[in-house]
Amino acid sequence: MNQDSPLFKDLTSILYTEAELRDAVAALGKRITLDYQGKAPLMVCILKGASVFFTDLIRQIDLPLEIEFMAISSYGASTVSSGEVRMVKDLDRPILGRDVLIVDDIVDSGMTLSFLKRTLTNRGAGSLRLVTLLDKPSRRTVPLTVDYSCFQIPDAFVVGYGLDYDEKYRNLPLVGVLDPKVYTK
Ligand code: PRP
């Protein structure tokens, strides 16, 4: 994507470049490959934000893994999570006894992953770990331990590499800070 794109012009700064994201995802893929030797984990992508990270990450994991998709959403076009979690799409298969890795793009309040952890544990996952590209620990409202994260970020509104504002910017190849002018208009 050309840096003259109007999408880039709405950013105040670039937080992680394409190369930094590629390196971090490759390193995480190696860690997961080592940690799950001899296993065939079930990787669960949380739509839509994690889609870009997920498809890059699974190609960096050298294991006979399987993939599933879930969609969880909070309401509205807002820069802050509403705190209300709603399941939009469930898994297609049972997960009894499976080694499950839930993959999301960002942990903010922790509501989404804590809801998913509870739900999939209750369904009898053999093991369950949480994976995120970005972690914003300063925003946590529920206690949650993330097992694998690429970057801890400050409390800024970030877009790109799957993350949106009002469904836009997901296709930016990097992670950037969105100009507040865009969402205070
Ligand atoms: C975003 C993000 C996480 C969640 C994190 O999803 O993808 O799933 O919010 O916030 P939390 O820790 O406060 O729960 P969103 O509801 O915006 O949907 P999207 O993935 O389709 O963009």
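This is a walk through the structure above, from its ligand site to a helix packed inside the fold and then to a few single residues.

The model is predicted, so a little bookkeeping helps: local features need pLDDT of at least 70, side-chain atom pairs count only at pLDDT 80 or more, and totals for chains, interfaces and linings use all residues. Residues are numbered from 1 along each chain as its sequence is written, and side-chain values use heavy atoms, with hydrogens and water left out.

Let us begin at the ligand. Its shell holds 17 residues, and the closest are Asp104, Asp105, Ser109, Gly110 and Thr112; a residue counts as near when one of its heavy atoms lies within 4 Å of the molecule. By character, the shell around the ligand divides into four nonpolar, seven polar and six charged residues. Here Ala, Val, Leu, Ile, Met, Phe, Trp, Tyr, Cys and Pro count as nonpolar, Asp, Glu, Lys and Arg as charged, and the others, Gly among them, as polar.

Which elements build this shell? Strand 5 (99-107) and helix 4 (111-122) each supply at least two of its residues, and the largest share, four residues, comes from strand 5. Helices (H or I, at least four residues) and strands (E, at least two) are DSSP runs, numbered from the N terminus.

Several polar contacts reach the ligand's oxygen atoms. A polar contact is a pair of N or O atoms within 3.5 Å; within protein, one must be able to donate a hydrogen and the other to accept it, and residues adjacent in sequence count only if both atoms are side-chain atoms. Asp104 places a polar side-chain atom 2.6 Å from a ligand oxygen, while Gly49 uses a backbone N or O atom, at 2.8 Å from an oxygen atom of the ligand. From the side chain of Arg170, an N or O atom is 3.1 Å from an oxygen atom of the ligand. Taken alone, the ligand exposes 500 Å², and the protein buries 87% of that. Such areas come from the Shrake-Rupley method with a 1.4 Å probe; for residues, only the protein chains shown count as cover.

Next, please turn to helix 3 (residues 51-58), where Phe53, Phe54, Leu57 and Ile58 are buried. Buried means under 20% relative accessible area, exposed over 50%, and partly exposed in between (1.4 Å probe, protein chains only). Seen down the axis of helix 3, these buried residues fall within an arc of 115°, so they line one face of the helix; the arc is that of the directions from the helix axis to the C-beta atoms. An α-helix has 3.6 residues a turn, so residues three or four places apart point the same way. The cover over the buried residues of helix 3 includes helix 2 (18-35), strand 2 (42-47), strand 3 (66-73), strand 5, strand 6 (127-135) and strand 7 (148-152), with contact meaning heavy atoms within 4.5 Å.

Helix 2 is also home to Thr33. This residue counts as buried, at 12% relative accessibility. Leaving out residues up to four places away in sequence, Thr33 touches Gln60, Ile61, Asp62 and Leu63. A polar atom of the Thr33 side chain lies 3.1 Å from the backbone nitrogen of Asp62.

Strand 4 (residues 86-89) offers two residues to compare, beginning with Met87. Met87 is partly exposed, at 29% relative accessibility, and beyond its neighbours within four places in sequence it is in contact with Met70, Ala71, Ile72, Phe115, Thr119 and Arg123. Lys89 lies in strand 4 as well and is partly exposed at 27%. With neighbours within four places set aside, Lys89 is in contact with Phe69, Met70 and Ala71, and its side chain reaches the backbone oxygen of Phe69 at 3.2 Å.

Finally, some backbone details deserve a look. The peptide bond from Leu47 to Lys48 is cis, with omega near -5°, and Lys48 sits in the loop between strand 2 and helix 3. In the loop between strand 8 (158-159) and strand 9 (175-178) you will find Glu167, whose phi is near 70°, a positive value in a residue other than glycine. Tyr169, found in the loop between strand 8 and strand 9, has a positive phi near 80°. Is each of them buried or partly exposed? Glu167 counts as partly exposed at 45% relative accessibility, whereas Tyr169, at 7%, counts as buried.
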